[in-house]
Each structure stands twice: as C-alpha cells, then as structure tokens.
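Visitor: I should like to go through the terms applied to this structure and ask what justifies each of them.

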Amino acid sequence: MVHLTGLSAFPITPSNRDGQVDAGALRALLEPLIAAKVDSVGLLGSTGSYPYFSREERRRAVQAAVALADGRTPMLVGVGALRTDDAVRLAQDARDAGAAAGLLAPVSYTPLTDDEVFEHFQTVARESGLPICIYDNPGTTHFRFTPALIGRLSRVEGIVAVKSPALDAAALPGHVAELRAAVPDGFSLGYSADWNCTEALLAGGETWYSVLAGVFPSICLDIVRAVARGDIAKARQLDASLEPVWHLFKTFSSLRVAYAMANLRGLCAAEPPRPILPLPPDAQNKVRDVLAATEID
C-alpha cells in the first residue's frame, strides 16, 4: 500500500481546444519532475484540470505518465466525477494503467451530506481496489470535511491519506493535531495551498501537494528537505523568497499562473481548457518579471 509523504508535484495537463491531451507535452512536463526525484506526481489534479477531460483522455494521460515514470515515481491520479459509478470506473482505469493511488474529491452539483460523501468514498475504494487519498477542496466542491468525517473514512480499507487546504500558520498546528487524533497511525496528512505549506510541514504535515513543484520542483524539494532535517530557518527563508510567486497565485489563481510559467519556461505551449482563459498579456508580463527576479530554477 502506498504511503504518501514528502513532495507531490502537480503539473498542468496540456491539451488542444477539443480536449485531447497532448501526450508529448505532458511527458516534457513530467520528465524534469521525475529527474528531480519528487516523491510523487499528482496527475490530473485541479491544476491538471481533471473535470474538463473525458474518461478516454484521462486514461491516455495516466498511461503516458506511468510509462514515462517506469516505476521511478508514484502517480497519484485524480479520479473525481459527479457520479459514483463514473468515479469507480476512473479509479479502475487508473489502477489498470499502473497508478499508485487515486485522488478523490466529492464533486457534486447538489450539496452533499457527510453520509453521502462517506458512501461515495467507501464505494470507490471498495470497487476499484485503488488506494484513495481524500481530496478536501472546499473552494471548488463547496464541501468541507470535518475531522470526524476524515476519521470515519480513514478506517475504510483502501483510504490512505488526506489532502487538506493549508490554513494560516497560526491555525495549522491545531488542525494537524485534531486530524492526527482522529485517524489511525500510518494515515498520511498532507496539505495544499502552496503559500501556507511550509508552515503545514513544520506543524507536522507529511506531504506537500504542490502546484509550483509541477513546474519548478527543485526549490520545493529544498524546502521539504530543510524541514526534514530540522532546519526551520532555511525552510522559512526559502519560502519567503517565493512570496512574489505566492502573491501571483493568490491574485490570478495558481492554475492560470502554472500555465503561464510552463509556457514561459518552454516546457510546452498550452492554454487552459475553455472556458478558462490564459492570463492576459499584462499579467503574463508580471509572471515573467517575478520569475526573472526570484531566479527560480
């Protein structure tokens, strides 16, 4: 059973305007992540625009990624869907393609109850046989997991981790402690929202699910390694150097900025799926200026 720890890098999923995944461009994005030895890749996450792709295109993306990784880097694959049966099929596809785990969000048009979410997750885990990471992303799903619900789900066979939105620094130690008290030993607690994730790791989070690492893995790995060796000052210094990037993420959304960064770095020439539009030229210039000033490699 996979144990998610360290740095999980979340790349974009390049595609054309008809929603067909550009497998060559995807491989170009993944190669530096695998070479950098990130601990896992978050394929088809929110940054990877998973809801915008058909089942077939999602399968193609997973197959291309797993073949490229060739066992070197575990693939955590987004398997969220409106319907439970569709999520089961997506998770089965990911399992059959060689994914290490599935990332499951409670996607719904109608607001869900805790019991509905529990049954959804339990069914996907049971019927797919793929280890599942709970994706708590209330900004898009409008559903917020309580520690009690995460505790219930953590005892379902096959549900192995949670990806929570990182809170402000002052709230993180309490959040980590509350979750740790609710889940069994070995259940992985991880965080997203890059600008708060250094503090999440310092508070005891095990995994950083990172948008920036999907384009620039090295500096994110440096932060994770500084935390691991107890060098708090270094971790916070590196995080502070990225404040202009975090400002871009919060101003324009990390998804749009990730596309701009990948294009500016020459990794691909891609646009987000419609109706999402690329950043306008003035915003892209701001991204270019920030990258030049921060000298991220």
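The conversation below takes up helix packing, salt bridges and backbone geometry in turn.

Visitor: What kind of model is this?

Guide: This is a predicted model.

Visitor: Why are α11 and α13 called roughly antiparallel?

Guide: The axes of helix α11 (residues 243-252) and helix α13 (residues 281-294) cross at roughly 160°. Angles over 145 degrees count as roughly antiparallel, and α11 and α13 are therefore given that description. Their axes come within 10 Å, and the crossing is left-handed.

Visitor: Which residues of α11 and α13 meet?

Guide: From α11 the participants are Pro244, Val245, Leu248 and Phe252, and they meet Ala283, Lys286, Val287, Val290 and Thr294 of α13. By class, this contact has 7 nonpolar, 1 polar and 1 charged residues.

Visitor: What makes α10 and α11 oblique?

Guide: The angle between α10 and α11 is about 55°. Roughly parallel requires an angle under 35 degrees, and roughly perpendicular begins at 65; α10 and α11 are therefore oblique to each other. Their axes are 4 Å apart. Asp239, Ala240 and Ser241 of α10 make the contact with Glu243, Pro244 and Trp246 of α11. The classes represented are 3 nonpolar, 1 polar and 2 charged.

Visitor: What is the handedness of the crossing of α6 and α7?

Guide: The crossing of α6 and α7 is right-handed. Helix α6 (residues 147-154) and helix α7 (residues 172-182) pack at about 35°, and their axes are 8 Å apart. Pro147, Ile150, Gly151 and Ser154 of α6 are in contact with Glu178, Leu179 and Ala182 of α7. These residues divide into 4 nonpolar, 2 polar and 1 charged.

Visitor: How do you know that arginine 59 and aspartate 93 form a salt bridge?

Guide: The closest N and O atoms of arginine 59 and aspartate 93 are 3.4 Å apart. A salt bridge requires a side-chain nitrogen of Lys or Arg within 4 Å of a carboxyl oxygen of Asp or Glu, and the pair is accordingly listed as a salt bridge. Arginine 59 belongs to helix α2 (residues 55-69) and aspartate 93 to helix α3 (residues 84-97), so the pair ties together parts that are 34 residues apart in sequence. Arg59 and Asp93 are also linked with Arg55 and Glu56 in a network of salt bridges.

Visitor: Why is aspartate 93 called buried, and why is arginine 59 called partly exposed?

Guide: Buried means under 20% relative accessible area. Aspartate 93 has 13% and is therefore buried, while arginine 59 has 22% and therefore counts as partly exposed.

Visitor: What makes the contact of glutamate 199 with arginine 236 a salt bridge?

Guide: The N to O distance between glutamate 199 and arginine 236 is 2.8 Å, and the cut-off is 4 Å. Glutamate 199 lies in helix α8 (residues 194-202) and arginine 236 in helix α10 (residues 232-241), so this salt bridge ties together parts 37 residues apart in sequence. Glutamate 199, with 22%, is partly exposed, and arginine 236, with 42%, is partly exposed as well.

Visitor: Why does arginine 83 count as exposed?

Guide: Exposed means over 50%, and arginine 83 therefore counts as exposed at 51% relative accessibility. Arginine 83 forms a salt bridge with aspartate 85, the closest N and O atoms being 2.9 Å apart. Aspartate 85, at 29%, counts as partly exposed. A search of the whole structure finds 15 salt bridges.

Visitor: How do you know that serine 15 is buried?

Guide: Serine 15 has 13% relative accessibility, and the limit for buried is under 20%; serine 15 therefore counts as buried. Serine 15 is found in the loop between β1 (6-9) and α1 (23-36). Beyond neighbours within four places in sequence, serine 15 is in contact with Gln20, Val21, Asp22 and Phe53.

Visitor: What makes the backbone at alanine 193 and glutamate 295 noteworthy?

Guide: Most residues other than glycine have a negative phi. Phi of alanine 193 is near 80°, a positive value, and glutamate 295 has a positive phi of about 55°. Alanine 193 is in the loop between β7 (188-192) and α8, whereas glutamate 295 is in the segment after α13.

Visitor: Where is there a cis peptide bond?

Guide: A cis peptide bond joins arginine 274 and proline 275, with omega about 20°. Proline 275 lies in the loop between α12 (254-264) and α13.

Technical notes: Residues numbered from 1 in each chain as written. Predicted model: local features only at pLDDT ≥ 70, side-chain atom pairs only at ≥ 80, totals over all residues. Heavy atoms only, no water. Axes fitted to C-alpha atoms, helices over the stretch in contact; angles between N-to-C directions. Helix = DSSP H or I, 4+ residues; strand = E, 2+ residues; numbered from the N terminus. Parallel < 35°, antiparallel > 145°, perpendicular 65-115°, else oblique. Left-handed = near helix turned anticlockwise from the far one by under 90°. Contact = heavy atoms within 4.5 Å. Nonpolar A, V, L, I, M, F, W, Y, C, P; charged D, E, K, R; others polar. Buried < 20%, exposed > 50% of the residue type's maximum accessible area, 1.4 Å probe, protein only.
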